[in-house]
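Let's take a friendly walk through a protein model, looking at its pockets, its charged pairs and one unusual turn of the backbone. Have a look at the picture before reading on.

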Amino acid sequence: MRSTIRIDDDLLLEIRARARAEDVSLTRMLNRTLRAGLLASTRKSGRPRHFKQRTVSMGRPRVDLDKALALAARLEDDEVTRKLHLRK
């Protein structure tokens, strides 16, 4: 089966180097590597673990959330002003 995938440059260089060292094609090396990774992940746990996010209370808001956009704009303006002042 054909498919287009995006691989990080460093990973592609490593896979190509290994393929050259073993005198096999890039496709064959990618398939071997993917199979080994999938096999290793199923051996560790036997089955995939489900992720569950734990939540905690953050308390009451310290600012009026009805005016959150105005506050964000003011903070951004203050930061721009600070940066301009430092360049002098």
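## Pockets, pairs and a positive phi

The largest pocket has a volume of about 320 Å³. This is a predicted model, in which local features need pLDDT of at least 70 and side-chain atom pairs count only at pLDDT 80 or more, while totals for chains, interfaces and linings use all residues. Residues are numbered from 1 along each chain as its sequence is written, and side-chain values use heavy atoms, with hydrogens and water left out.

What does "pocket" mean here? On a 1 Å grid over the protein atoms alone, a pocket is an open set of points where a 1.4 Å probe fits, with protein on both sides within 12 Å along at least five of seven lines; its lining residues have an atom within 4 Å of a point. Volume is the space filled by probe spheres set on the points, which are joined across faces, edges and corners.

Around the largest pocket you will find M1, R2, S3, T4, I5, I7, T27, L30, N31 and L34. By class, this lining has five nonpolar, four polar and one charged residues. (Ala, Val, Leu, Ile, Met, Phe, Trp, Tyr, Cys and Pro count as nonpolar, Asp, Glu, Lys and Arg as charged, and the others, Gly among them, as polar.)

The second largest pocket has a volume of about 180 Å³. Its lining is made of I5, I7, L11, E14, I15, R18, L30, T33 and L34, which divide into six nonpolar, one polar and two charged. Helices α1 and α2 each supply at least two of these residues, and α1 gives the most, with four. Helices here are DSSP runs (H or I, at least four residues), numbered from the N terminus.

Helix α1 covers residues 9-22, so to speak 14 residues in a row. From first C-alpha to last, α1 reaches 20 Å, close to the 20 Å expected at 1.5 Å a residue; the expected span is 1.5 Å times one less than the number of residues.

Now for the charges. How many salt bridges does the structure hold? There are three, each a side-chain nitrogen of Lys or Arg within 4 Å of a carboxyl oxygen of Asp or Glu.

| Salt bridge | N to O distance |
|---|---|
| R18 and E14 | 2.9 Å |
| R32 and E22 | 2.5 Å |
| E79 and R82 | 2.7 Å |

The pair R32 and E22 links distant parts of the chain, with R32 in helix α2 and E22 in helix α1, ten residues apart. R18 and E14, in contrast, both lie in helix α1, four residues apart, about one turn of the helix. E79 and R82 are three residues apart in helix α3 (residues 68-86), so about one helical turn separates them. An α-helix has 3.6 residues a turn, so residues three or four places apart point the same way.

Are these partners buried or exposed? Buried means under 20% relative accessible area, exposed over 50%, and partly exposed in between (1.4 Å probe, protein chains only). R18 is partly exposed at 45%, and E14 is partly exposed at 40%. R32, at 38%, is partly exposed, as is E22 at 44%.

Finally, meet D23, just after α1. D23 sits in the loop between α1 and α2 (26-45). Its phi is near 55 degrees, a positive value in a residue other than glycine. Most residues other than glycine have a negative phi. D23 counts as exposed because its relative accessibility is 70%.

Methods. Helices (H or I, at least four residues) and strands (E, at least two) are DSSP runs, numbered from the N terminus.
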